[in-house]
Every structure is written in C-alpha cells, then in structure tokens.
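Subject: Structure for your review

Dear colleague,

Please find below the structure that I am handing over to you. My notes on it follow directly after.

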Number of protein chains: 2
Amino acid sequence: MSERGLLIVLSGPSGVGKGTVRKAIFERDDNEFQYSVSMTTRKKRAGEVEGVDYYFRSKEEFEAMIEAGEMLEYAEYVGNYYGTPLTYVNKTLDEGKDVFLEIEVQGAQQVKDKVPDGVFIFLTPPDLAELKARIVGRGTDSPEVIDERMRVARQEIEMMALYDYAVVNDQVPKAVDRIKDIIVSEHYRVDRVIGKYIKMLKEI
Amino acid sequence: MSERGLLIVLSGPSGVGKGTVRKAIFERDDNEFQYSVSMTTRKKRAGEVEGVDYYFRSKEEFEAMIEAGEMLEYAEYVGNYYGTPLTYVNKTLDEGKDVFLEIEVQGAQQVKDKVPDGVFIFLTPPDLAELKARIVGRGTDSPEVIDERMRVARQEIEMMALYDYAVVNDQVPKAVDRIKDIIVSEHYRVDRVIGKYIKMLKEI
C-alpha cells in the first residue's frame, strides 16, 4: 500500500545551469529520489555512458516511441530529439519513489499538462533577482538594447509563472540546498498526505 | 521596497504538543521569523513573564479589543480568552519579517479566513500516522470504542484539510526540522516571488 512517489521537475531558461545543479544534487549521497535518464538522438560524446548520461537511440527508434505514446515529454533541439521515456518514470513512481527530471522548458510544459501535481522548480539566473540593475545597465545603453533585455526578462517571468517554485542559481551549493529543502517539504503538503488517511479510514 | 513577510500558523489538535514544539523552535538561534506573543485573560502563573509568555489583560480590556477589531483571532477556553493582537503581527509583516503564531484550531480557522496566503501547518499526533492500528487496536475492543476512535480520527482529518502542511510530532527535534524546512521552502514559491519581478518591470 505504498504511496505513489513525487515527480520533481527542474527546468529554467537555457544557460541557467540546470545540468550543473542537477549533477551537484546527484553527487550527494543523501537523496531520496531517483534521476530519470533522458533519451536523445544526438551522437554519444567521448566519456558519455549509455544509460548514465543518456539513452542513445536512432531518430527512427525515438520517433517510434513518440508515435507509441511512450514519451512523457520530448523536444527537438538543433536537429536532435531529447526526451523522457514514460516507462521508467511510471514504474519508479508506482514503487513509491520520487523521480527527478532535469529538462528544457518546452518539455516541462508538456509534463505540467500530463502530471499537474508534480513539483515544478524553475531555476533562475542570479541576475533575474537584480533585474532592474541588469536592464537599465550603466545608463549608457541604447533604448533598443534596454528593450531587448525587457523582452527577455518578461519572457523569463512568464515562464516562471507555470512553476511552483523559483530558485535563484547564485551559488550551486545554495541552489542545491534550496531544491532539496523544497522536495522534503512537499512531502508534508496536506493535499499529498490526506488521501492516505482517508483511504485508511475507508478500509477499516 | 521590502516585501511583506509570511504569516506562519502552527496549530493542531489539543494535546498534540504545539507549545513544546514552538518552544523548541524558538530555543534555536537561527530563526528568521518572529514569535507573536498571545494575549490572555487567565491569571499569570509563577515564573511567567508579561510580554514573553503572554500579554496578561483583564476580561474587559480583551473584550474592548475584540470590539475594536484589534484581534487577528481569539478563542474562549475554560472561561478565559486567548488571542493574537493584530498590531504587532501587521507591523512585523510590513517590515518584511515573517511572523510565527502557535494557536488553537478555532483561531487558525479565523486566521485562514483573514489571511488565506499564510502558511498553515497542522501538527499531528504520531498515532494518526498509524491510524488503522490505533483504531482497530488489539482486536479486543468493543465496537463502541472503535466507533469513537473513528469519530476522533475523522475529526482530525477534517481539521487537517484546511491546512497547507501536516507535520507528524513523533520526535520534537524532527518536527522542528520539518517546520523550519517548510518555512524556508515557502519563500521560493512562485506565487510569493513573482509579484516582486512584475513590479520591478513596471517600475522601469
């Protein structure tokens, strides 16, 4: 009668350091969640290991899995597919274990649609926290440059609105601590535990 | 331009150990939140200090404050009033500091109505986590005894449903850690931080 695990999604704008933070999380040995290895059609690079860094598949194999509804999310990026196979995620959640995904924002949107009760964490660049200073700059920038920065900032804030938490990546170990705190706390949310009690009462 | 602080409410069924957990929290020196001292009409006991344990007031003074709308919440218990004066809470929140209340469930309900974006933490007895074993007992209890336990359990679960988090008070230091984790994590919730970013963009 184990409860289903939590699906934890870490995402954020390109270049924010999602991969670095995720690696730092899994270098710790006190995690009570499993990392879901992504699948990709890009070529394996020197040092990369099948099933550790990625599952490396051909374009045909990947497209067949999309067709069969076997991907939780996927995105195309620079001519290659990247995505999360559904089977491992479901199996692990069913075992009552939490699953951690580190994915692009397009993929996170797909997961949000399918698993709305996941925990969605948006990693923000430290300069989003100093938004005003960044946008106005030194007062010597052209209106066009300032407008472009405003556009990017608006886009990042719009993306953030879809998430449950926003964590600033100012220092990797701090970002890791915040994410681990969030995952622990989410387990105490009433809407996640109350079902267990109600079910128990009904079984008596 | 400081943000308003969080209102944190710890409550739970009578006898669960709310006061003990609250005292253990405030014995630590790394808290980034302020304790709001309650007001009461009961007599001061030996060793109790005005403004530390309670604000001790007469029944007339307390009722005048209720009339004037100066109580965030209050309850009557064994012929005495207990409650939270509004002024300190508002002033501290306006300074951008978090305020911690430890109150009875009736009071928590009143705060929930007035401050729905507070953080509501329900402390549960350890045996609620072992509900089934507790209710069924050793199989030697009368149906009446089992029914009464079912009634109490249902009542506790109904109360819990109004809260954001449920924390089991199995061991005081563990309960303290969980509560402190929750308070930290709540600061990263998107709905609490996104307003700051939107406001900044508008000001540019």
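In which element of chain A does Lys18(A) lie? Lys18(A) belongs to helix 1 of chain A. Please bear in mind throughout that this is a predicted model.

**The annotated site**

An unreviewed UniProt entry lists Gly12(A), Pro13(A), Ser14(A), Gly15(A), Val16(A), Gly17(A), Lys18(A) and Gly19(A) under "binding site". I looked at two of these residues in detail.

Lys18(A) has a relative accessible area of 6%; since buried means under 20%, Lys18(A) is therefore classed as buried. Leaving aside neighbours within four places in sequence, Lys18(A) is in contact with Leu10(A), Ser11(A), Gly12(A), Pro13(A), Glu102(A), Ile103(A), Glu104(A) and Leu123(A).

Pro13(A) is placed in the loop between strand 1 (7-11) and helix 1 (18-27) of chain A. Pro13(A) is buried as well, with a relative accessible area of 8%. Not counting residues up to four places away in sequence, Pro13(A) touches Lys18(A), Val105(A), Phe122(A), Leu123(A), Pro125(A) and Glu156(A).

**The relation between the chains**

A turn of 180° with a shift of 0.0 Å along the axis lays chain A on chain B with an RMSD of 0.1 Å. That is the relation of a two-fold axis. In chain A, the C-alpha nearest this axis belongs to Asp181(A), at 2.9 Å from it. The same surface serves both copies, as 100% of the contact residues of chain A recur in chain B.

**The interface**

The contact draws 36 residues from chain A and 36 residues from chain B. Between them, the two chains bury about 3300 Å², of which 71% is on carbon and sulfur atoms. Tyr188(A), Tyr197(A) and Leu201(A) supply 21% of the area that chain A buries against chain B, more than any other three residues.

As for polar interactions, there are two salt bridges between chain A and chain B. In a salt bridge across the interface, the side chains of Glu186(A) and Arg189(B) meet at 3.5 Å, N to O. Between chain A and chain B, 13 residue pairs are in polar contact, both residues being at pLDDT 80 or more.

On the side of chain A that touches chain B, the elements giving two or more residues are helix 5 (131-136), helix 6 (143-160), strand 9 (165-168), helix 7 (172-186) and helix 8 (190-203) of chain A. Helix 8 of chain A provides the largest share of that side, eight residues.

With kind regards

Technical notes. Residues numbered from 1 in each chain as written. Chains lettered and ligands numbered in written order. Predicted model: local features only at pLDDT ≥ 70, side-chain atom pairs only at ≥ 80, totals over all residues. Heavy atoms only, no water. Least-squares fit on C-alpha atoms with pLDDT ≥ 70 in both. Contact = heavy atoms within 4.5 Å. UniProt positions renumbered as here; feature names shortened; annotations may be inferred. Helix = DSSP H or I, 4+ residues; strand = E, 2+ residues; numbered from the N terminus. Buried < 20%, exposed > 50% of the residue type's maximum accessible area, 1.4 Å probe, protein only. Buried area = accessible area lost by both parts, 1.4 Å probe. Salt bridge = Lys/Arg side-chain N within 4 Å of Asp/Glu carboxyl O. Polar contact = N/O pair within 3.5 Å; in protein donor to acceptor, adjacent residues only side chain to side chain.
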